[in-house]
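Trainee: I would like to learn how to read strand pairing and overall chain properties from a model. Can we work through one case?

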Amino acid sequence: NRDGTRLASGSEDRTIKIWDADIGTVIRTLTGHTDRVNSVAWSPDGKRLASGGADGAIKIWDAGNWTNPRTLPPRHTNRVNSVAWSPDGQRLASASHDRSIKIWDVDGGQEIHTLRGHEYWVNSVSWSPDGKRLASSGADRVVRVWDTVGGTEIPKELRQYDNVKSVSWSPDGKWLAYACEDNTVRVQDAI
C-alpha cells in the first residue's frame with residue numbers, strides 16, 4: 001500500500017492475502033473469487049484494493065473492513081489478467097484473455113471504454129503518471145498505447161519477438177519498460 005506497511009498477493013487458491021510488510025506475516029485472507037486471483041492493485045490513496053481473477057471478476061475491496069467487496073459488472077468474457085488504478089484513483093483499467101481492455105469509473109461501477117486492438121490476450125496494463133495514456137502488453141508480442149479520455153489507440157505500436165508479459169511507465173512518463181517471455185526487459189521512448 002501507499003505507506004509501505006501492507007502488501008497484497010493473489011493466489012492460485014482463489015484467495016487474496018494481506019501481509020504485514022514489516023514482519024512478513026499474513027494479517028488477513030480475503031475470499032470471493034471462484035478461480036485463481038491473477039492481479040491485485042492498491043488504489044493510490046491505499047483505501048481500496050482491486051482484484052482480477054481467472055473467474056473474469058473484478059472486485060473492489062474496502063481496506064477499512066475488507067468485507068463485502070463490490071464486484072464490477074461482468075463485461076470481460078474470459079479471465080482478467082491485470083488491473084491497474086489511474087493516478088487519481090477514480091478509474092481502473094482491466095486487461096483480459098478476451099483480448100480487450102476495459103476502463104472503469106470505479107465509484108459509479110460503469111464501464112467507460114472498451115479498447116480493442118490486441119490480436120491475442122492482453123497480459124498487462126499500466127497508466128501514465130498523468131492518467132492521460134494507458135499502455136498495454138499482450139501475447140500478440142505488441143505494446144500498445146491508448147488515449148484514456150477518447151478511448152482510442154495512439155499510433156505507438158511496439159512490436160516484439162515474443163509474448164510481452166508486463167509493461168510499466170517511468171515516473172516522468174517519458175519511457176516504457178516491458179518484460180518479454182524471452183527473458184528480456186526493454187526500455188523505449190513512450191512519446
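Trainee: In what sense do β6 and β7 pair, and over how many bridges?

Mentor: The general step is to take the two strands and look at their bridges. This is a predicted model, and in it β6, residues 58–62, pairs with β7 in the antiparallel sense over 2 bridges. Ile 60 stands opposite Arg 70 of β7.

Trainee: Which residue of β5 is the bridge partner of Ile 60 in β6?

Mentor: That partner is Ala 50. Strand β5, residues 48–53, pairs with β6 in the antiparallel sense over 5 bridges. Ile 60 therefore appears in two pairings, being set opposite Arg 70 in β7 and bridged to Ala 50.

Trainee: What should I look for where β5 turns into β6?

Mentor: Look at the residues between the strands and at their backbone angles. The hairpin of β5 and β6 has 4 residues between its strands, and Gly 56 there takes a positive phi near 80°.

Trainee: Is β6 largely enclosed or left open by the rest of the structure?

Mentor: Count its buried residues, where buried means under 20% relative accessible area. In β6, 4 of the 5 residues are buried, so the strand is largely enclosed by the rest of the structure. As a general point, side chains in a regular strand alternate between the two faces of the sheet.

Trainee: What is the strand order of the sheet?

Mentor: The order is β4-β5-β6-β7, an open sheet of 4 strands with antiparallel pairing. At its edges stand β4 (37–42) and β7 (70–71); each has a single partner strand, so one side of each lacks a neighbour in the sheet.

Trainee: How many helices and strands does the chain have?

Mentor: The chain has 0 helices and 18 strands. Its radius of gyration is 16 Å, close to the 16 Å that the globule rule gives for 191 residues, so the chain is as compact as a globular protein of that length. Along the principal axes, the C-alpha atoms fill a box of roughly 45 × 35 × 30 Å.

Trainee: What share of the residues counts as buried, and what does the chain expose?

Mentor: Of the 191 residues, 48% count as buried. The chain exposes about 9,200 Å², and carbon and sulfur atoms supply 46% of that area.

Trainee: How far apart are the mean positions of the positive and negative charges?

Mentor: They are 2 Å apart, for 25 positive and 25 negative charges.

Note on methods. Residues are numbered from 1 along each chain as its sequence is written. This is a predicted model: local features need pLDDT of at least 70, side-chain atom pairs count only at pLDDT 80 or more; totals for chains, interfaces and linings use all residues. Side-chain values use heavy atoms; hydrogens and water are left out. The radius of gyration is taken over C-alpha atoms; the globule rule is 2.2 Å times the number of residues to the power 0.38. Buried means under 20% relative accessible area, exposed over 50%, partly exposed in between (1.4 Å probe, protein chains only). Accessible areas come from the Shrake-Rupley method with a 1.4 Å probe; for residues, only the protein chains shown count as cover. Lys and Arg count as positive and Asp and Glu as negative; His and the chain ends are not counted. The place of a charge is taken as NZ of Lys, CZ of Arg, CG of Asp or CD of Glu. Two strands pair if DSSP finds at least two bridges between them.
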